[in-house]
Amino acid sequence: MVMNRSALLAVAAGVFGATLLVAALRGSLLGVMFGTLLSPLPLAMAVLGLGPAFLPVAVVSGAVTTTVLTGSFAAAVIYLVVDALPVALLMRFGRGQGPHQPADGAAVGRAAAWLALAALGLIVAGLALMPLGEGGVEATVRARLGEVIAQAREAGQGRLGLPDRPEAIAALASFLPGAAGWNWCLRAIVSAALAQAVLMRMGGALYAAPAYRAAAVPGWFIAAFWAAAATSWLAPGDAGFVALNAAAVMCLPLLLQGLAVVHSGIARFDRAGLWLVAFYVMALLMAALAFVVLVCLGVVDHFLKLRARMVPPPRGG
């Protein structure tokens, strides 16, 4: 009876997540508000609340629902790539070893690293399969982006502040694959973290909360990041373009480690919640600077073990 109930809940999770994704693809109000970012949430809740054995049930249910709602197998493939795959990777590398056991910092960092590498693989595959025009990969991406922006402006969306200058379009195109990789990763990360928080609040979490503040990216990943960054600086043409976007995607786990250092440091102060609010407000106001500082902080923490050097937080009160 319990197994049947869990299976039904997994099926419902797949149906709900697929419905959110289809709503997002169709641009409905529900999709824009929730599906754009949180369509992987039901899958994450199924794994964290029922167990990894029920993920295939939820995924199959979601794929079938997507096909039925759209009448297209291509939409089911999109569902598998953008929702099922990142959640499966996070659950494989980033959950606790057993029920009610938290994932340690190494598991959290490893999950983020493999998620970023998977996003990078999808980006490279997408660029390789894209019909190339004159000028190579970067020129083709720039041309496609210009066409999309022109169509959007013709459709009356110019009020959204879409760029129309060639220089602005070229600047956006240079980081467009990397931005797509960030979006792919963040949807899964936000959904998994929110699913864990909701399930713990409801008392239905199968695993304890991961050790977010102890997140530590593997050393081999940092070496790969520096290789991509150096290649983007030295290599000309399409090789440099691909390496630049690879380095941009690989910044994500390092930024998360930098955030872990900040949270660990602020936890040592009184009224830590207020300090965190102030930090995030300043980070949003100076987003570009905060991005660079946090990534650098994540790299420095790997070598200098900053969190291990911090004074322990006061006990009590």
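**Exercise 1.** In this predicted model, determine in which helix Thr-140 lies, whether Thr-140 counts as buried or exposed, and which residues Thr-140 touches beyond four places away in sequence.

*Solution.* Step 1: Thr-140 belongs to helix α7, which spans residues 136-157. Step 2: the relative accessibility of Thr-140 is 5%; buried means under 20%, so Thr-140 counts as buried. Step 3: leaving aside residues up to four places away in sequence, Thr-140 touches Met-130, Pro-131, Leu-132 and Gly-133.

**Exercise 2.** Establish how many salt bridges the count comes to, and describe the one in which the side chains of Arg-187 and Asp-83 meet.

*Solution.* Step 1: the count comes to three salt bridges. Step 2: in the pair Arg-187 and Asp-83, the N to O distance is 2.9 Å. Step 3: this pair links distant parts of the chain, with Arg-187 in helix α8 (residues 166-202) and Asp-83 in helix α5 (residues 73-94), 104 residues apart. Step 4: Arg-187 counts as buried at 4% relative accessibility, and Asp-83 counts as buried at 0%.

**Exercise 3.** Characterise the salt bridge between Arg-142 and Glu-138 and the salt bridge of Arg-307 with Asp-301.

*Solution.* Step 1: the side chains of Arg-142 and Glu-138 meet at 3.7 Å, N to O. Step 2: both residues lie in helix α7, four residues apart, or about one turn of the helix. Step 3: Arg-142, at 31% relative accessibility, counts as partly exposed, and Glu-138, at 23%, counts as partly exposed. Step 4: for Arg-307 and Asp-301, the closest N and O atoms are 2.5 Å apart. Step 5: Arg-307 is buried, with a relative accessible area of 16%, and Asp-301 counts as buried at 5% relative accessibility.

Key
Residues are numbered from 1 along each chain as its sequence is written. This is a predicted model: local features need pLDDT of at least 70, side-chain atom pairs count only at pLDDT 80 or more; totals for chains, interfaces and linings use all residues. Side-chain values use heavy atoms; hydrogens and water are left out. Helices (H or I, at least four residues) and strands (E, at least two) are DSSP runs, numbered from the N terminus. Buried means under 20% relative accessible area, exposed over 50%, partly exposed in between (1.4 Å probe, protein chains only). Contact means heavy atoms within 4.5 Å. A salt bridge is a side-chain nitrogen of Lys or Arg within 4 Å of a carboxyl oxygen of Asp or Glu.
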